[in-house]
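User: Got a model here that I'd like to walk through with you. Can we start with the pockets and then do the sheet?

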Amino acid sequence: MVKTFVLAPDSFKESMTAEQACLAMQRGIQKVIPDATFIHVPMADGGEGTVDALISARKGRKVEIEVSGPLIHQKVKSYFGLIEHDQTAVIEMALANGIHLLEQSQRNPMLTSTLGTGEMIKAALDFGVSKIIIGLGGSVTNDAGAGIAQALGARFLNVNGQPVAVGGGQLNQIQSIDLSQLDTRLKQTEIIIASDVNNPLCGESGASYVFAPQKGASSEMVKILDQNLSYFADLVKKQLGLDFAHVQGAGAAGGLGFGLMAFAGATIRSGVEIVIEETQLAEKIAQADYVFTGEGGIDFQTKFGKTPFGVAQVAKRLNKPVIAFAGYVGEGVEELYNEGFTAIFGIVDGAYDLQTALKNGERNLERTCGNVVRLIKDRI
């Protein structure tokens, strides 16, 4: 009897896209079961690959655009997606203001801005969309979404009534917020934040302390950034009557979650849950005999909204076996076996440096999938 495999991995960061991972999995399985059938469902959780996953699943299209990069005067070529007959736009903030767009020496969250993400939102509104989904993973910013607000018409003024420069290091210079020119189309548009983190805006578990160091912040800068976010949140509460600082996910993408809720009326949801819905994953898994998933690393944090966990939860409800693959298998994976995972396998076949492991990712995934299928073949 021909067996059906649903292949639903996330990207393996810096090694392969989710679609490339699907193809590698298929090659490995077909070497053992040539007549197997496959349903590819490239996945994402709000971070890298979200736009591509939804364009693929919903047969949408890309819109190429040039926008402001993370630093002032920097321009980057980017794109967003249109799905559902061009009624829904899918935006990945990292494609405009992501950490991969700057060399390590250039990264400075005191200066970086979400202005380009706001320009993508504005461009999507120009297409007349009724809904925008915004993935927040992979940022290099810490400006609480002030940049997106500026791109959409908000004005942040200093004590002299002059506009304040964008960037997380300048938020404490703002004395007044002027929304009189904010794009009115935002009120007629449903905006959904797709996030893979639950951090609040400020404090030890907030945007600055948890994420800013990897974006180039020193310990002293982290303190300043956190103080600036707190100041900005208080100003928004005082002048606009909006209080989102403690909402789970407000600290995503350097506080972009907060800014989108405060200035664009956005609601926040689990990124992987959105992708599961938009890709109709449950309907596809219902047809499967086995489900294969995975991403670059799997550990105890996977259960906090990462793609393999979301896939496993759907498969568990449908009583389907789930096998996960990762370049790195860390501590705490034992907890995942109670959450729907049947087995978890690392794909690296030897002790070698990270760059070699990334380069060999597709080959390693293909080989490991083949080996696993040999093991279960007698049960098929």
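Analyst: Terms up front: on a 1 Å grid over the protein atoms alone, a pocket is an open set of points where a 1.4 Å probe fits, with protein on both sides within 12 Å along at least five of seven lines, and lining residues have an atom within 4 Å of a point. This is a predicted model, where local features need pLDDT of at least 70 and side-chain atom pairs 80 or more, while totals for chains, interfaces and linings use all residues. Numbering runs from 1 along each chain as its sequence is written, and side-chain values use heavy atoms, without hydrogens or water.

User: Which residues line the second largest pocket, and how do they divide into nonpolar, polar and charged?

Analyst: The lining consists of Leu179, Leu182, Asp183, Thr184, Leu186, Lys187, Phe263, Ala264 and Gly265. Asp, Glu, Lys and Arg count as charged, Ala, Val, Leu, Ile, Met, Phe, Trp, Tyr, Cys and Pro as nonpolar, and the others, Gly among them, as polar. That gives 5 nonpolar, 2 polar and 2 charged.

User: Which strands stand at the edges of the sheet?

Analyst: The open, mixed sheet has 6 strands (E runs in DSSP of at least two residues, numbered from the N terminus) in the order β3-β4-β5-β6-β9-β10. Pairing takes at least two DSSP bridges. Each edge strand has a single partner, so one side is left without a neighbour in the sheet: these are β3 (61-68) and β10 (267-270).

User: In β5, what is the bridge partner of leucine 82?

Analyst: Strands β4 (75-83) and β5 (88-92) pair in the antiparallel sense, over 3 bridges. Leucine 82's partner in β5 is alanine 89.

Methods:
Helix = DSSP H or I, 4+ residues; strand = E, 2+ residues; numbered from the N terminus.
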